[in-house]
Amino acid sequence: MATPSLGDMSPADAESVYFNEYPPPKALPKHEALARAFIDRHVEANRRVVLVTSGGTTVPLEAQTVRFIDNFSAGTRGATSAEYFLQEGYAVIFLHRQYSLLPYSRHYSHSTNCFLDFMDEAPASDSTQSDHGPIVVRDEYQHQMRDVLRKYRYAKQNNLLLLLPFTTVSEYMFELRSLAKLMRPLGPNALFYLAAAVSDFFIPRSRMAEHKIQSSELPAHLDKDSAVEPDDIYTGENEEQPSQRKKLVINLDPVPKFLHRLVDGWAPDGSMVVSFKLETDPSLLVYKARTALQRYSHHLVIGNLLSTRKWEVVFITPDPPHERWLRVPKARRSKSISGVEDQVGLAEAKKKSDGSAPTPEKTEEKAQAATRQEGSSDGIEIETLIIPELVKLHSTMIEKKTHKPTS
Ligand code: PMT
């Protein structure tokens, strides 16, 4: 009898099959100990704690991994949002893809913002008779860097930010499950903000090659690892012009969607769960986000298009207004290499052409308020709009659960 796939099982059965197939990540016990202490401290202080997931997950092709499948996510949404949650008084558990962007240091990392470009060597003082001047921050960056540095140090000194890395999709799953369970004492003060781009397809451990997949045939006496069937590596013999090189055909299974288990099992009672939905086709975005909300019965889906995600998002909620667009006004949009500004508004327009009611648009006002707060005329980040709106929704939820007004 054929073994049922994970997608055909109940969420609880899929959970036990999936987690039994993989060894837990080596770092899990250490991460759990750190998270437990972090959560205890903030339960004691009656502080809200948000788990922010960020960056892409890898899908290894071999157990001793040489090659893997990855995705585009740099972790910008997660790292930026974490900063604004800290600003709103939350403690943040930042579950992120290793080497993706981090809160605060994101301003000075990777090739676009190389930290070395922000520094200079000042002239050495005459008294030292040395040619080694002190390293200083360039004048034009002093103000911005001081601001970032102060916020970073405040978060660190007050134990408000816990950084936990993952790499593969299975590591992500183990970490998410453990953290959600550890967060139970927080009750309604817990918020899940799932911005990570989690792989939708993977190779189950039982079908994974142990060693590096070979690109050329091995003599029979050396070919002992048959996790990749000979038929899956083929020479292109059906092609009109057979290539000399082999091709690799990979069979991937769908990753079980554990959002059900998170909402119905792992997460604290009364906590708020926010997921994201990414699409590239504007006509699908609202439909897919709404379907996700119905399927998992959680509290909010934030929809975004790959090409406009830095400038607009849509909040899909179970309660009215059900659909709400947040948009950075044109004059305040920062440049984005991958972004396509012409597509801003397209997903909302597509939706309206289906005959549904237009949404009230108040984002311009809010963006202006955010600008006044920041006191600068530079571009603003869409997360300055997302996080305060989300915090309001979380406060309303807490109020309802505890029947106590919140400040
Ligand atoms: O990092 P950036 O470059 O800034 O990009 C940010 C982003 C576009 C990646 C982010 O804003 C975003 O949209 N993330 C979710 C991408 C997505 O479409 O996820 P999904 O449809 O595969 O999953 C839906 C939700 O469930 C997501 O919140 C995901 O984090 C979560 N999920 C999915 C599968 C799974 N097995 N476990 C999960 O927790």
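A polar contact is a pair of N or O atoms within 3.5 Å. In this predicted model, a backbone N or O atom of Ala 196 meets that cut-off, at 2.8 Å from an oxygen atom of the ligand. Phe 276 also contributes a backbone N or O atom, and this one is 2.9 Å from a ligand oxygen. With Tyr 172 the contact runs through the side chain, where an N or O atom lies 3.1 Å from an oxygen atom of the ligand.

The protein covers 95% of the 770 Å² that the ligand exposes when taken alone. Helix 3 (76–87), helix 5 (169–182) and strand 13 (272–279) are the elements that each supply two or more residues to the surrounding shell. Strand 13 supplies the most, with 4 residues.

The shell around the ligand has 25 residues, and those that come nearest are Ser 73, Leu 194, Ala 196, Lys 277 and Asn 304. Ala 196 is thus among the nearest residues and also places a backbone N or O atom 2.8 Å from a ligand oxygen. By residue class, the shell holds 15 nonpolar, 5 polar and 5 charged residues.

As for confidence, the protein chain has an average pLDDT of 88, and 85% of its residues score at least 70. Residues 234–238 have a pLDDT below 50, and in the model this stretch makes 9 contacts beyond near neighbours in sequence. Residues 371–376 are likewise below 50, with 7 such contacts. Predicted coordinates should not be read in detail where pLDDT is low.

Methods. Residues are numbered from 1 along each chain as its sequence is written. This is a predicted model: local features need pLDDT of at least 70, side-chain atom pairs count only at pLDDT 80 or more; totals for chains, interfaces and linings use all residues. Side-chain values use heavy atoms; hydrogens and water are left out. A residue is near a molecule or strand if one of its heavy atoms lies within 4 Å of it. A polar contact is a pair of N or O atoms within 3.5 Å; within protein, one must be able to donate a hydrogen and the other to accept it, and residues adjacent in sequence count only if both atoms are side-chain atoms. Accessible areas come from the Shrake-Rupley method with a 1.4 Å probe; for residues, only the protein chains shown count as cover. Ala, Val, Leu, Ile, Met, Phe, Trp, Tyr, Cys and Pro count as nonpolar, Asp, Glu, Lys and Arg as charged, and the others, Gly among them, as polar. pLDDT is the predictor's confidence in each residue, from 0 to 100. Contact means heavy atoms within 4.5 Å.
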